[in-house]
Amino acid sequence: MGNAPSNQPTDESQIFPSSDLTPALHEPPIPPPIAPPTIQSHLLQTVENQEIPLDTLNPKEDWIEIGQGAQGKVYKASLLGTPVAIKIRLGNSITSNNSSTLFQEIKILQQLQHPKIVQYMGVATDTDGNLCIVSEYLSGGSLFNLLHSPNQQLTWRDNLLQYAIDLCQGMAYIHAQNPRVLHRDLKSANILIAGQSTVKIADIGLARTSADVMSSKGTERWCAPEILSGNSHYTEKVDVYSFGIVLWEMCTCAIPYQHDRAEGLAARIINDDYRPEFPNTMPTMLRDIYEDCVSSKPVGRPDFAYLLTKFRGNKMSNEIESRNGSYPVIHPNDCLCLMRRGNTATRYQRCLSYM
Ligand SMILES: Nc1ncnc2c1ncn2[C@@H]1O[C@H](COP(=O)(O)OP(=O)(O)OP(=O)(O)O)[C@@H](O)[C@H]1O
Ligand SMILES: [Mg+2]
């Protein structure tokens, strides 16, 4: 465990009243009471050898906040001089109700090791007693931010095709685990830029084994209709659906359903097969893949191994090359993200509020 919390008494006399300090003659000394293990320390003990001592991280005051999502805040910190990302989950005090879920999640993170998945490094407990999930830090930011940067230079030929291949490789690996692991929150904000033309999948915090019953949802706009409708029996094909929406983002640089009212949107997705419209300027093969991925019938959606062969095939590169590969990739005129060029902060917040 980390350092003792600062509000703990440090002076022995504060812990034991003076009468307790000197045991009566001839009586064996009374051992100090041993505190029962807290749920948190129990959780950390169970996650063998995964606890990162707090003194190997730089002081919490020096951590830099780099993002906030539905599940918590993310900081850039330093572990023995190496940059790391630390996620502190919102409302993450560990209770007897959620400790087994957290334990399950950490076990899943521990088992995943793949070049296209952000590497989990361990857990720590900060000075306030919060559980911190420590992972590799990627300085390139998220795909969401890149897609919505005014001066980005993305094209399918130069980088987006490779991003799609990376995502299929990472997702095929996640789905190949036994028992099978689902991501369930795949979206451009959970995809991080790892180099000129490489991405890694992040934030498998909502991941569960497929045997689990789900209690919380991934972000609605990327969420498969069977999850939105509250069905707890669904398959890994929910991730294929979300990948389809990410594919759409990579073809439009827009936010799914950005002009639709949030009220009633889920019902339209569930009941009317309502989906983001695919631009007809894009290669037909991409459109076909998109439509298959976002099919309302999970069995009709391809798996990631199949998608990989499609993205790697000659037909795909020929289609992309046929128009100099220069799609798409401009912001639509009405993209809210463009407003970032003008009056920045609040408008950008509006844009992120779609997440
Ligand atoms: N390992 C990391 N390295 C670098 N930046 C990261 C890392 N993890 C997250 N981030 C940044 O922090 C931001 C916020 O991440 P966070 O996961 O909290 O929010 P989110 O992805 O928008 O929502 P959700 O809670 O649904 O995952 C990300 O969009 C990304 O820019
Ligand atoms: Mg995230």
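This tour goes through a sheet and then a group of helices in a predicted model.

**The sheet**

Select strands S1, S2, S3, S5 and S4, which is the order in which these 5 strands lie in an open sheet. The pairing in this sheet is antiparallel. Strand S1 (64–68) and strand S4 (120–125) are at the edges; each has a single partner strand, so one side of each has no neighbour in the sheet. Direction ignored, neighbouring strands here are turned by 30 degrees against each other on average.

**From S1 to S2**

Start at the edge with S1. Is S1 mostly covered or hardly covered? S1 is hardly covered, and the count of buried residues among its 5 residues is 0. Add S2 to the selection: S1 and S2 pair in the antiparallel sense over 4 bridges. To find one of the paired positions, pick Gly67, whose bridge partner in S2 is Val74.

**From S2 to S3**

Keep Val74 selected and look to the other neighbour, S3, where Lys87 stands opposite Val74. Strand S2 (residues 72–79) and strand S3 (residues 82–89) are joined in the antiparallel sense by 8 bridges. Another position to pick is Lys76, which stands opposite Ala85 in S3. Now follow the chain around the turn. S2 and S3 form a hairpin with 2 residues between them. Leu80 is in this turn and has a positive phi of about 50 degrees.

**From S3 to S5**

Stay on Ala85 and select Ser135 in S5, which Ala85 stands opposite. S3 and S5 pair over 5 bridges, in the antiparallel sense. How many of the 6 residues of strand S5 (residues 131–136) are buried? In S5 the number is 5, and the strand is mostly covered.

**From S5 to S4**

Move on to the other edge. S4 and S5 pair in the antiparallel sense over 5 bridges. Select Ala124 and Cys132 together, since these residues stand opposite each other, Cys132 being in S5. The turn between the two strands is the next stop: S4 and S5 form a hairpin with 5 residues between them. Gly129 in that turn has a positive phi of about 85 degrees.

**Helices H6 and H8**

Leave the sheet and select helix H6 (residues 156–175) with helix H8 (residues 237–252); their axes come within 11 Å and cross at roughly 170 degrees. That angle makes H6 roughly antiparallel to H8. To see the contact, show Leu160, Tyr163, Ala164, Leu167 and Met171 in H6, which meet Asp239, Phe243, Val246, Leu247 and Met250 in H8. The residues of this contact of H6 with H8 comprise 9 nonpolar, no polar and 1 charged.

**Helices H6 and H11**

Keep H6 and replace H8 with helix H11 (residues 304–312). The axes of H6 and H11 come within 8 Å and cross at roughly 160 degrees. H6 and H11 are therefore roughly antiparallel to each other, and their crossing is left-handed.

Which residues of H6 meet H11? On the H6 side they are Leu161, Ala164, Ile165, Cys168, Gln169, Met171, Ala172 and His175. Their counterparts in H11 are Phe304, Ala305, Leu307, Leu308, Phe311 and Arg312. The residues of the contact of H6 with H11 divide into 11 nonpolar, 2 polar and 1 charged.

Finish by selecting Ala164 and Met171 in H6, which belong to the contact with H8 and also to the contact with H11.

Note on methods. Residues are numbered from 1 along each chain as its sequence is written. Chains are lettered from A and ligands numbered from 1 in the order in which they are written. This is a predicted model: local features need pLDDT of at least 70, side-chain atom pairs count only at pLDDT 80 or more; totals for chains, interfaces and linings use all residues. Axes are lines fitted to C-alpha atoms, for helices over the stretch in contact, and angles run from 0 to 180 degrees between N-to-C directions. Angles under 35 degrees count as roughly parallel, over 145 as roughly antiparallel, 65 to 115 as roughly perpendicular and the rest as oblique. Two residues are in contact if their C-beta atoms, placed from the backbone, lie within 7 Å. Ala, Val, Leu, Ile, Met, Phe, Trp, Tyr, Cys and Pro count as nonpolar, Asp, Glu, Lys and Arg as charged, and the others, Gly among them, as polar. Two strands pair if DSSP finds at least two bridges between them. A residue is buried if 20 or more other C-beta atoms lie within 10 Å of its own, exposed if 12 or fewer, and partly exposed in between; C-beta atoms are placed from the backbone. A crossing is left-handed if the near helix is turned anticlockwise from the far one by less than a right angle, and right-handed if clockwise.
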